[in-house]
Amino acid sequence: MHLSQRPIRIALIRHGESEANLDKSIFERVPDHAIPLTQHGWDQSAAAGLQLRELFENEPVRVYVSPYLRTLQTLEGLGLGDLIGIANEEPRLREQDWANYQDTEDIDRQSKLRDSYGHFFYRFTDGESGADVYDRVSSFLETMHRDFETADSPRNVLLVSHGLTMRLFCMRWFHWSVKFFETLRNPGNAETRALLRQPDFRYKLDRPFEQRFNCGYEPKERERSAWL
């Protein structure tokens with residue numbers, strides 16, 4: 001692939017506020033993948049869409065979107081339909097699986113255990129670990145790179161996904177360590193991060209993820225990535 005075929009921008013956005021962000025007990029009644037946005041979540045998506053339109057300079061965008069209802073609704077709410085030439089529903093960008101219908105008290109207990117065990121390696125009962133999500137994100141990256149080689153590959157790429165998935169995508173891309181990943185907070189609802197192509201054809205994150213605590217070092221990989 002010629003260097004000039006690499007996209008100028010790869011933007012990531014977390015879904016807008018969902019019903020589960022307000023009431024965790026909804027997981028006991030509604031499948032995770034079927035939880036919708038709140039009205040505030042729709043409003044957040046619309047506001048983010050204006051920012052992304054400016055970032056993309058009104059040029060075509062290739063989209064990869066998690067098949068969960070809240071991410072599909074976020075994509076719709078962005079209002080970028082006139083820019084989206086290709087929209088790919090991508091199951092590998094889905095939320096971390098926490099089980100099927102969830103027992104709220106049990107999930108709260110496990111969430112506290114995960115804080116001490118480690119967010120990357122802890123596997124929820126009948127669910128996934130962060131490492132499992134990392135593996136499927138790695139597989140997705142291979143597909144995305146192949147898509148960049150097509151003749152009609154656009155200069156802009158957008159991933160509509162989930163907070164943990166966004167962090168793990170960047171971890172994989174920038175080769176962050178598990179130790180560094182563990183310090184990072186999820187982005188807020190409808191919050192974005194963008195990988196911006198530099199003159200040397202490497203990429204730089206437009207702004208860092210907030211940190212829960214400092215791990216004692218700032219890896220070079222936080223700033224730039226070799227093309228994989």
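# Exercises on a predicted model

Glu-105 lies in helix α4, which covers residues 104–117, and the model in which it is found is a predicted one.

## Exercise 1: Glu-105 and Glu-89

Task: State whether Glu-105 is buried or exposed, and then do likewise for Glu-89.

Solution. Begin with Glu-105, whose relative accessible area is 67%. Exposed means over 50%, and Glu-105 is therefore exposed. In space, the C-alpha atom of Glu-105 is 9.2 Å from that of Ser-25, although the two residues are 80 apart in sequence.

Turn next to Glu-89, which belongs to strand β3. With a relative accessibility of 52%, Glu-89 counts as exposed too. Its C-alpha atom is separated by 5.0 Å from that of Val-65, a residue 24 places away along the chain. When neighbours within four places in sequence are left aside, Glu-89 is in contact with Val-65, Pro-67 and Leu-72.

## Exercise 2: the packing of α2 and α3

Task: Decide how helices α2 and α3 are oriented to each other, and describe which residues make their contact.

Solution. The first step is the geometry: α2 (residues 39–55) and α3 (residues 69–78) pack at an angle of about 55°, and their axes are 7 Å apart. Angles of 65 to 115 degrees count as roughly perpendicular and those under 35 as roughly parallel, and α2 and α3 are therefore oblique to each other. The handedness of this crossing is right-handed.

The second step is the contact itself, to which α2 contributes Trp-42, Ser-45, Ala-46, Ala-48, Gly-49 and Leu-52, while α3 contributes Gln-73, Thr-74, Glu-76, Gly-77 and Leu-78. Sorted by character, the residues of this contact comprise 5 nonpolar, 5 polar and 1 charged.

## Exercise 3: the packing of α5 and α6, and the place of Leu-141

Task: Describe how α5 and α6 pack, and find which residues Leu-141 touches.

Solution. Helix α5, which spans residues 130–148, packs against α6 at an angle of about 65°, with 9 Å between the axes. The crossing of α5 with α6 is right-handed. On the α5 side the contact involves Gly-130, Val-133, Tyr-134, Val-137, Ser-138, Phe-140, Leu-141, Met-144 and His-145, and these meet Leu-164, Thr-165, Leu-168, Phe-169, Met-171, Arg-172 and Trp-173 of α6. This contact holds 11 nonpolar residues, 4 polar ones and 1 charged one.

Now take Leu-141, a residue of α5, which counts as buried at a relative accessibility of 2%. Not counting residues up to four places away in sequence, Leu-141 touches Phe-169, Arg-172 and Trp-173. Leu-141 and Arg-172 are 31 residues apart in sequence, whereas their C-alpha atoms are 8.8 Å apart in space.

## Exercise 4: aromatic rings

Task: State how many aromatic pairs the structure holds, and explain why the pair of Trp-176 and Phe-209 is edge-to-face.

Solution. There are 12 aromatic pairs in the structure. One of them joins Phe-120 and Phe-121 in an edge-to-face arrangement, with 4.9 Å from centre to centre and 90° between the planes. Of these two residues, Phe-120 is buried at 6% relative accessibility, whereas Phe-121 is partly exposed at 49%.

For Trp-176 and Phe-209, the ring centres are 6.2 Å apart and the planes stand at 90°, so this pair is edge-to-face. Trp-176 is in the loop between α6 (163–174) and α7 (178–181), and Phe-209 is in the loop between β6 (203–205) and β7 (224–225), so the pair ties together parts that are 33 residues apart in sequence. Trp-176 is buried at 5% relative accessibility, and Phe-209 is buried at 3%. Elsewhere, Trp-98, Tyr-117, Tyr-122 and Phe-124 form one aromatic cluster.

## Exercise 5: two alanines with positive phi

Task: Locate Ala-99 and Ala-190, and state for each whether it is buried or partly exposed.

Solution. Ala-99 has a phi near 130°, which is a positive value in a residue other than glycine. Its place is the loop between β3 (84–89) and α4, and with a relative accessibility of 22% Ala-99 counts as partly exposed.

Ala-190, which is likewise not a glycine, has a positive phi of about 60°. This residue is in the loop between α7 and β5 (192–197). At a relative accessible area of 11%, Ala-190 is buried.

Key. Residues numbered from 1 in each chain as written. Predicted model: local features only at pLDDT ≥ 70, side-chain atom pairs only at ≥ 80, totals over all residues. Heavy atoms only, no water. Axes fitted to C-alpha atoms, helices over the stretch in contact; angles between N-to-C directions. Helix = DSSP H or I, 4+ residues; strand = E, 2+ residues; numbered from the N terminus. Parallel < 35°, antiparallel > 145°, perpendicular 65-115°, else oblique. Left-handed = near helix turned anticlockwise from the far one by under 90°. Contact = heavy atoms within 4.5 Å. Nonpolar A, V, L, I, M, F, W, Y, C, P; charged D, E, K, R; others polar. Buried < 20%, exposed > 50% of the residue type's maximum accessible area, 1.4 Å probe, protein only. Phe/Tyr/Trp six-rings, centres within 6.5 Å; stacked < 30°, edge-to-face > 60°.
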